[in-house]
Structure formats: C-alpha cells, structure tokens
Amino acid sequence: MDERTIPRFIFAAMLAAIILPACTSVRAPYQPRTGESQDTTTARNLNSQAADIMESAPDQAEALLRDALTADVYFGPAHNNLGVLLMQRGELYGAANEFEWARRLLPGHPDPRLNLGMTLELAGKTADAMDAYRSALEVYPGYLPAIMALTRAELRTRHTTDDTKSRLEDIALRSMDPTWSQWAEVQLTRLSP
C-alpha cells in the first residue's frame with residue numbers, strides 16, 4: 001500500500017468523526033430572524049435531527065440544517081454539518097464558507113478546521129489545507145484525525161517535517177483502523193535511512 005491509496009478512504013473514514021452533534025456553542029443565504037432573539041434550542045434540536053439522517057437522507061438533513069440556521073445563524077455545529085453535506089456533494093466553495101463560519105463560532109473545536117482542510121485539499125489547495133490541519137492541532141493537540149490528514153498531505157506532497165516520523169508512529173499506535181496503521185508502518189519504513 002502506498003500514499004496514493006489513502007485518498008480513497010481518508011474522507012469516508014474521517015467524515016463520521018467530524019459531524020458535530022448538537023452542542024452549545026454559501027449556497028443560499030439564511031433568513032435569520034429579524035427583531036426576535038435567536039432560538040438556540042430550536043437550532044440545537046434541528047441540528048441533532050439532521051445529524052441523525054445526514055447519510056440516509058442528505059437533502060432532508062440539509063433542509064433541517066438551513067432551518068436550524070434560520071432559527072440561530074450563530075449556531076456553529078449546524079454550519080459545520082451543512083459544510084459536511086456540501087463537501088460530500090462537491091460544493092467546495094459553499095462547504096469552505098460553512099466551515100469558516102463554524103471555525104469562528106467554535107474557536108476551541110478542531111473539527112471545523114479539519115473539515116476546512118479537507119475541503120481545501122479537495123480543491124487542490126494543499127498548502128492551505130495543511131495550515132488548516134495544523135490549526136486543528138493547535139486547538140486540540142494530539143487529535144488523531146488531524147494528525148492523519150496532515151501527515152498524509154505532507155507525504156503526498158513530499159513536504160515532510162521533523163515531526164512527520166513521530167506523527168506516523170502515533171498513527172501506527174493509536175489508529176483503530178488497521179488500514180491506517182499499516183499505511184503508517186509502511187511510510188515509516190520508507191522514511192528510515
């Protein structure tokens with residue numbers, strides 16, 4: 001197995017981990033409430049319902065997420081989850097916009113940064129993607145999905161750093177996915193003199 005086989009499963013393997021459930025905290029503009037206070041409880045509930053059906057009914061989930069953002073345009077998890085749907089459909093500009101919203105609204109959460117990185121990488125902006133992955137690691141050191149994404153991108157672009165080997169060792173030890181563990185071990189042997 002080499003690094004060219006990783007892109008086939010990296011996004012699928014990581015998407016499950018990056019959908020944000022309800023927690024506190026573009027294709028079409030939202031219609032935020034005017035003259036009313038934001039309804040975070042409704043946004044949280046709609047986001048939770050959408051997260052439950054994102055894989056089985058993405059169009060229905062998108063409608064729920066847009067309704068959530070109408071209820072509270074500042075509800076970060078709904079922006080993140082809408083970005084995931086848009087990324088899965090290949091609407092990278094819209095996805096990046098949603099992840100930027102989520103990143104600003106959830107400053108201590110790594111997932112919007114990781115998702116933004118994956119979107120940028122899909123758009124061919126690998127250097128920017130690696131910056132986003134590093135940003136995810138700044139807010140959550142040791143976050144394995146970000147370690148995996150950054151390391152894979154570095155190896156794919158041949159822009160390894162002094163930390164690449166230690167991150168590969170971390171992936172080999174901590175990944176619950178045997179494909180990732182095996183990949184990391186193969187890459188370690190390639191980096192060894």
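Reader: With which residue does Glu-154 form a salt bridge, and how far apart are the closest N and O atoms?

Author: The model is predicted, and in it Glu-154 forms a salt bridge with Arg-134, with the closest N and O atoms 3.7 Å apart. Since the criterion is a side-chain nitrogen of Lys or Arg within 4 Å of a carboxyl oxygen of Asp or Glu, the pair qualifies at 3.7 Å. Glu-154 sits in helix H8 and Arg-134 in helix H7, and the pair links distant parts of the chain, 20 residues apart.

Reader: Are the two partners, Glu-154 and Arg-134, buried or exposed, or something in between?

Author: The cut-offs are under 20% relative accessible area for buried and over 50% for exposed, with partly exposed in between. Glu-154, at 1% relative accessibility, therefore counts as buried, whereas Arg-134, at 31%, counts as partly exposed.

Reader: How many salt bridges does a search of the whole structure find, and which residue forms one with Glu-121?

Author: The search finds twelve. Glu-121 is bridged to Arg-152, where the closest N and O atoms are 2.7 Å apart; Glu-121 lies in helix H6 and Arg-152 in helix H8, so this pair ties together parts that are 31 residues apart in sequence. Both partners are buried, Glu-121 at 8% relative accessibility and Arg-152 at 1%. Asp-59, Glu-62, Arg-66, Arg-89 and Glu-91, in turn, are linked in a network of salt bridges.

Reader: How should I read a salt bridge within one helix, and where do Arg-174 and Asp-170 stand relative to each other?

Author: An α-helix has 3.6 residues a turn, so residues three or four places apart point the same way. Arg-174 and Asp-170 are four residues apart in helix H9 and so are separated by about one helical turn, and their side chains meet in a salt bridge at 2.9 Å, N to O. Arg-174 is partly exposed, with a relative accessible area of 36%.

Reader: What describes a pair of aromatic rings, and how many such pairs does the count come to?

Author: A pair of aromatic rings is described by the distance of the centres and the angle of the planes. The count here comes to three aromatic pairs. In one of them, the rings of Tyr-74 and Trp-101 have their centres 6.3 Å apart and their planes at 45°, so the pair is tilted. This pair links distant parts of the chain, with Tyr-74 in the loop between helix H3 and helix H4 and Trp-101 in helix H5, 27 residues apart. Tyr-74 is partly exposed at 48% relative accessible area, and Trp-101 is likewise partly exposed, at 27%. Trp-180 and Trp-183 also form an aromatic pair, which is edge-to-face with 5.3 Å centre to centre and 85° between the planes. These two tryptophans are three residues apart in helix H10, separated by about one helical turn; Trp-180 counts as buried at 0% relative accessibility, as does Trp-183 at 0%.

Reader: Which members of the largest nonpolar core touch the most other members?

Author: Of its 45 residues, Tyr-133, Ile-171 and Trp-183 touch the most other members, while H8 gives the most residues to this core, eight. Leaving aside neighbours within four places in sequence, the contacts of Ile-171 include Leu-144, Ile-147, Met-148 and Thr-151, and also both Trp-180 and Trp-183. Tyr-133 is among the buried residues of H7, whose cover includes helix H6 and helix H8.

Reader: How does the span of H7 stand against the expected value, and which elements cover the buried residues of H3?

Author: H7 has 14 residues and reaches 20 Å from its first C-alpha to its last, close to the 20 Å expected at 1.5 Å a residue. H3 also has 14 residues and reaches 20 Å, again close to the expected span. The buried residues of H3 include Glu-62 and Arg-66, which also belong to the salt-bridge network described above; what covers the buried residues of H3 includes helix H2, H4 and H5.

Reader: How many helices and strands does the chain have, and what share of its residues is buried?

Author: The chain has ten helices and zero strands, and buried residues make up 49% of its 193 residues. About 9,400 Å² is exposed, of which carbon and sulfur atoms supply 52%.

Reader: What is the phi of Arg-158, and where does this residue lie?

Author: Its phi is near 60°, a positive value in a residue other than glycine. Arg-158 lies in the loop between H8 and helix H9 and is exposed, with a relative accessible area of 68%.

Note on methods: Residues numbered from 1 in each chain as written. Predicted model: local features only at pLDDT ≥ 70, side-chain atom pairs only at ≥ 80, totals over all residues. Heavy atoms only, no water. Expected span 1.5 Å × (residues − 1). Buried < 20%, exposed > 50% of the residue type's maximum accessible area, 1.4 Å probe, protein only. Contact = heavy atoms within 4.5 Å. Phe/Tyr/Trp six-rings, centres within 6.5 Å; stacked < 30°, edge-to-face > 60°. Areas by Shrake-Rupley, 256 points an atom, 1.4 Å probe, with all protein chains shown as cover. Core = buried A, V, L, I, M, F, W, Y, C linked by side-chain atoms within 4.5 Å.
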